[in-house]
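Subject: Structure handover

Hi there,

Here is the structure I promised to pass on. Please open it first, and then read my notes on what turned up.

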Amino acid sequence: MGTILPAAGANAGRADRRQLDASASGRYTDAMTDLFSIAGKTAVVTGGSRGIGKMIAAGYVQAGAKVYISSRKVDACEETEAELSQFGECIALPADLARPEECERLAAEITQREGTIDILVNNAGATWGAPMDEFDEDAWERVLAVNVKGVFHLTKHLRPALSAAGAPGNPSSVINIGSIDGLRVPTLETYSYSASKAAVHMLTRHLAKVLAPEIKVNAIAPGPFYSKMMAYTLDNFGEAIAKSCPMKRLGEPDDMAGTAIFLASAASNYITGAVLPVDGGIASLAE
Ligand SMILES: NC(=O)c1ccc[n+]([C@@H]2O[C@H](COP(=O)([O-])OP(=O)(O)OC[C@H]3O[C@@H](n4cnc5c(N)ncnc54)[C@H](OP(=O)(O)O)[C@@H]3O)[C@@H](O)[C@H]2O)c1
């Protein structure tokens with residue numbers, strides 16, 4: 001038999017927490033205001049011009065963070081900057097993050113402007129699909145360069161700014177965007193992509209160990225979200241994918257923004273090295 005908990009009214013949690021404050025050691029933060037808040041924080045979201053990066057950047061801007069977005073295409077960056085600036089602070093700094101020298105340049109520019117950075121979302125990514133016989137070196141290099149090496153180089157160059165913003169007990173946050181394709185074998189022949197995403201998950205754990213306790217490092221492994229990368233797949237198989245998903249739908253911007261806000265906020269301060277699927281249960285439950 002389990003314990004029967006008292007019914008939770010609107011103020012019940014508050015009263016319980018006050019009692020806990022008095023009796024238990026440790027810190028209790030107001031869950032409705034501070035615990036999940038990222039207001040006033042400075043964030044960098046790579047690939048923030050569209051798709052999942054834009055979903056996260058929009059969520060951060062609306063939550064009161066100052067957000068730098070970066071991707072290769074200057075026009076797309078500026079368009080998103082203008083769109084998100086209606087809701088708060090968004091600044092576009094274009095860069096090709098498949099190139100290590102560009103990772104260094106971007107990090108230097110942001111560090112010079114801000115000094116410290118609270119949140120880095122390594123989201124920029126590319127994919128490639130081809131039959132195994134045609135899957136050449138280029139198909140490996142163009143994917144690994146941005147999906148894996150770019151994550152490492154940008155984090156390395158932003159490490160001083162992230163360390164300066166974080167402290168033991170109140171770490172700054174790195175969030176790497178992996179994929180459920182790095183957790184289970186995908187249907188399509190995207191060899192370098194699935195391998196790159198498994199690498200992102202391992203890199204997340206490795207960096208988490210090295211960068212603790214000033215910086216927490218976690219990964220989100222998204223399931224299907226509508227984006228340019230996923231347009232062909234979801235236009236053709238979206239209904240079937242949604243049907244086979246335990247939650248019976250595709251991912252929505254709020255699903256991604258909510259998880260990214262949680263991992264950037266104090267609510268996740270005791271989580272590092274985790275890979276969190278945001279996939280409606282596909283990777284762990286679907287057959
Ligand atoms: N959508 C999904 O269902 C899904 C599922 C699992 C994982 N993911 C992951 O989520 C992330 C975002 O994907 P998405 O679906 O939103 O794809 P997307 O719409 O194609 O967006 C990719 C973003 O990355 C940028 N980018 C690509 N190469 C870059 C480079 N060399 N340097 C800088 N920026 C670069 C793109 O902008 P430019 O073209 O201007 O550079 C764009 O902003 C990726 O890591 C992807 O693997 C997505």
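The core of the fold is an open sheet of 7 strands, ordered β3-β2-β1-β4-β5-β6-β7 with parallel pairing. Its edge strands, each pairing on one side only, are β3 (90-92) and β7 (275-278). From one strand to the next the twist averages 20°. Before going further, please note that this is a predicted model, in which local features need pLDDT of at least 70 and side-chain atom pairs count only at pLDDT 80 or more, while totals for chains, interfaces and linings use all residues. Residues are numbered from 1 along each chain as its sequence is written.

A few terms: helices (H or I, at least four residues) and strands (E, at least two) are DSSP runs numbered from the N terminus, and two strands pair if DSSP finds at least two bridges between them. Angles run from 0 to 180 degrees between N-to-C directions, with axes as lines fitted to C-alpha atoms, for helices over the stretch in contact.

Now to β1 and its surroundings. Strand β1 is joined to β2 (residues 66-70) by 5 bridges, and the two run parallel. Threonine 46 stands opposite serine 70 in β2. Helix α3 lies across β1, β2, β3, β4 (119-122), β5 (172-177) and β6 (215-222), at about 165° to β1. Helix α9 (residues 253-264) also packs on the sheet, where it touches β1, β4, β5, β6 and β7; contact means C-beta atoms, placed from the backbone, within 7 Å.

Within β1 (residues 42-46) sits alanine 43. Alanine 43 counts as buried because it has 27 C-beta neighbours inside 10 Å (buried takes 20 or more, exposed 12 or fewer, partly exposed in between, with C-beta atoms placed from the backbone). Leaving out residues up to four places away in sequence, its contacts include Tyr60, Val67 and Ala264. The C-alpha atoms of alanine 43 and valine 67 are 4.8 Å apart, although 24 residues separate them along the chain.

Helix α4 (residues 74-84) has Cys77, Thr80, Glu81 and Leu84 as its buried residues. These share one side of α4, because they cover an arc of only 105° around the axis (taken from the directions from the helix axis to the C-beta atoms). They pack against α3, β2 and β3, while exposed Asp75 and Ala82 are on the face turned away.

Happy to talk it over whenever suits you.

Best wishes

Definitions and conventions: Contact = placed C-beta atoms within 7 Å.
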